Structure formats: structure tokens, C-alpha cells
Amino acid sequence: MYLLIPAAGSGRRMGSDRNKLLLPVLGQPILAWTLLAARESRLIRWVGLIGQPVDFPDFKEIVMALGMTKMVHLIQGGTTRQESVYRGLQGLPAVAGRVLIHDGARCLATPALLDRCAEAIQHCPGLVAAIPVKDTIKVVKPGTHQITQTPDRSNLWAAQTPQAFVVETLLRCHEQGREQGWQVTDDAALFEQCGYPVKVIEGEETNLKITTPLDLAIAELVLRQRQS
Ligand code: C5P
């Protein structure tokens, strides 16, 4: 299975002036934990690591320390996650039929989750790891604090990554998105917008996206618990 890891973001919301994925958690950069899950997966054989060239020396060091130099290929990212994934898709070998996309910032995803997604994508065109939401979600009118809607919680799932797709179809969806100027925060949204079916498969409660310093502290706790 082919895996793309978008890792070309910044550390703005983390209050850091460098790529947040280079920040340490339990003695290793966030990105190292994400790559470790890929290394331990049974099915992933090829990893496209999407980053900004300024981070490549650090990325290479991490990849080398994990003994993954043969498996990991560096790809230059763009200014948005959407653009980064588009470039990642173009960097895939031509034989890649299906692809897993997993955010570098979700460093707690387990190898078992990656493998479950890799297996499931053999039987459908698109899927998303997700978990049912626990909170009641409100829709609020932009620019106000006025609630306009309370969707039925039993139908709501919080999308995570991995997300997985048939490469050729996803590439077409990205191209259509670029032509139409769609701006999305995950790949499934492009797939859905083009009318293709996307399934949810059970994600992991601990599979959080490291965004703020609090997330970093929680990640450290989870990793420490896994180690003990
Ligand atoms: O910023 P956020 O955490 O939502 O980004 C999700 C993932 O997308 C992160 O792993 C980040 O490194 C990646 N990203 C990217 N290219 C960008 C912006 C974000 O690969 N231009």
C-alpha cells in the first residue's frame, strides 16, 4: 500500500515559528511517531512524505534514524494542505492504484488502524477513519454567535485520517476542485463534492490531530501509557 503523509504545514496555531511536526513529544519529533506507525504497519510499503524544502534536512534525519530511507520519498508540498496532497498524488509511482493519506500531525494513529484502512480500501472507492461525535454540535451563523441549527447527533461522525481512495479518481477530484476553486480541509470532501461514495470506518479515540500545546501534552500522556 502507498501512503502519503502531508507534513508541509507550519506551527502557527501551536505558537511555534517552525513546523510543529518537528516539536518533540516523549523524546522524538511528532513526525517520527507518525512515521513509526507506518514502519510498523504490515501493509504499507511506500511512503511519500510531503514537506517544505526548508524542513527536508530535519525530515531526512528523522527518516534515517528510523531506518526508513528506502521506504520514504520526499515530495515538495504547497501552501495549503489541499495543494500539498495534490502534489503528493502527482509524486506517486504510476503503478499506485490505491492510496492512504494520513496527516503527519496525527502521530497517535496505530499501525493497526493504518492496516484496517489499507484492507478496507480494496473493497470501496473511498473511505475515512472517523468516530461518532460525543458533543452536541451547533451550527452558528458566521460573524454572529447565533445558533441556526442543531443537527441530529446520531448521524454525526468526526473525520480523522487515514483517508483512503482510488488514486485515479482522487486525482480527478483534485483537478476538478482546482478548476472550480473549491477549498476543502480533507480529501473526502472533494470526493463527496464530485458525487463519489465515501465510507466511514471506525477510527480511534486517541487519534487526535496535534494542533495546540494541550494536544501535545495529551499525546505525551497517551504515548507514555502505551510504553508502560
Ligand atoms: O494545519 P493542520 O494541522 O490542519 O494540517 C493538517 C496536516 O496537513 C498537517 O500534518 C500539516 O503538516 C499538513 N499540511 C500540509 N501542507 C500545508 C498545510 C498543512 O501538508 N500547506
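**Group meeting: a walk through strand β10 and the ligand site**

So, Gln163 counts as buried, because its relative accessibility is just 2%, and buried here means under 20%. Before I go on, please keep in mind that this is a predicted model. Okay, back to Gln163. Where does it sit? It lies in strand β10. Let me also give you a distance for it: from the C-alpha of Gln163 to the C-alpha of Ala118 is 9.4 Å, and those two residues are 45 apart in sequence.

Let's stay with that strand for a bit. Strand β10 covers residues 157-166, and Thr161 is part of it. Is Thr161 buried or exposed? It's buried, because its relative accessibility comes out at 3%. Now, what does the side chain of Thr161 have beside it? One of its polar atoms is 3.0 Å from the backbone nitrogen of Asp103.

Next door is Pro162, also in strand β10. If you click on the bond between Thr161 and Pro162, you'll find a cis peptide bond, with omega at about 10 degrees. Why stop to point that out? Because most peptide bonds are trans.

On the other side of Thr161 in the numbering we have Gln160, and strand β10 holds that residue too. Gln160 has a relative accessibility of 5%, so it goes down as buried. Which residue does the side chain of Gln160 touch? That would be Asn207: the two side chains make a polar contact at 2.8 Å.

Okay, moving on to strand β6. That strand runs over residues 98-101, and Leu100 is in it. Leu100 has a relative accessible area of 0%, so it is buried. How far is Leu100 from Asp115, C-alpha to C-alpha? The answer is 9.8 Å, with the two positions 15 residues apart along the chain.

Then comes His102, in the loop that links β6 to α4, the helix at 111-120. You might wonder whether His102 is buried or exposed. With a relative accessible area of 2%, it's buried. And if you draw a line from the C-alpha of His102 to that of Arg226, you get 21 Å, for a pair that is 124 residues apart in sequence.

Let me show you a backbone oddity now. Leu26 has a positive phi, about 45 degrees, and it isn't a glycine. Why mention it? Because most residues other than glycine have a negative phi. Leu26 is in the loop between β2, at 24-25, and β3, at 28-29. Its relative accessibility is 19%, so Leu26 still counts as buried, given that the cut-off is under 20%.

A quick stop at helix α7, residues 213-227, where you'll find Asp215. Asp215 has a relative accessible area of 15%, so this one is buried as well. Its C-alpha is 21 Å from the C-alpha of Ile137, and the pair is 78 residues apart in sequence.

Right, the ligand. Where is it? It sits in the largest pocket. How many residues are around it? There are 16, and the ones that come nearest are Pro6, Arg13, Lys20, Ser84 and Lys209. Sorted by class, that shell has five nonpolar, six polar and five charged residues.

Which backbone atoms should you look for? Start with Ala8: a polar backbone atom of that residue is 2.9 Å from a ligand oxygen. Then Ala7, where a polar backbone atom and an oxygen of the ligand are 3.3 Å apart. And at Thr79 there's a polar backbone atom 3.3 Å from a ligand nitrogen. As for how much of the ligand is covered, on its own it has 460 Å² of accessible area, and the protein covers 86% of that.

If you want one view to open afterwards, go for the cis peptide bond between Thr161 and Pro162, then follow the Thr161 side chain to the backbone nitrogen of Asp103. That's it from me, thanks!

Technical notes
Residues numbered from 1 in each chain as written. Predicted model: local features only at pLDDT ≥ 70, side-chain atom pairs only at ≥ 80, totals over all residues. Heavy atoms only, no water. Near = heavy atom within 4 Å. Polar contact = N/O pair within 3.5 Å; in protein donor to acceptor, adjacent residues only side chain to side chain. Areas by Shrake-Rupley, 256 points an atom, 1.4 Å probe, with all protein chains shown as cover. 1 Å grid on protein atoms, 1.4 Å probe; cavity = no way out; pocket = protein on both sides within 12 Å on 5 of 7 lines; lining within 4 Å. Sits in = over half its atoms within 2 Å of the grid points. Nonpolar A, V, L, I, M, F, W, Y, C, P; charged D, E, K, R; others polar. Helix = DSSP H or I, 4+ residues; strand = E, 2+ residues; numbered from the N terminus. Buried < 20%, exposed > 50% of the residue type's maximum accessible area, 1.4 Å probe, protein only.
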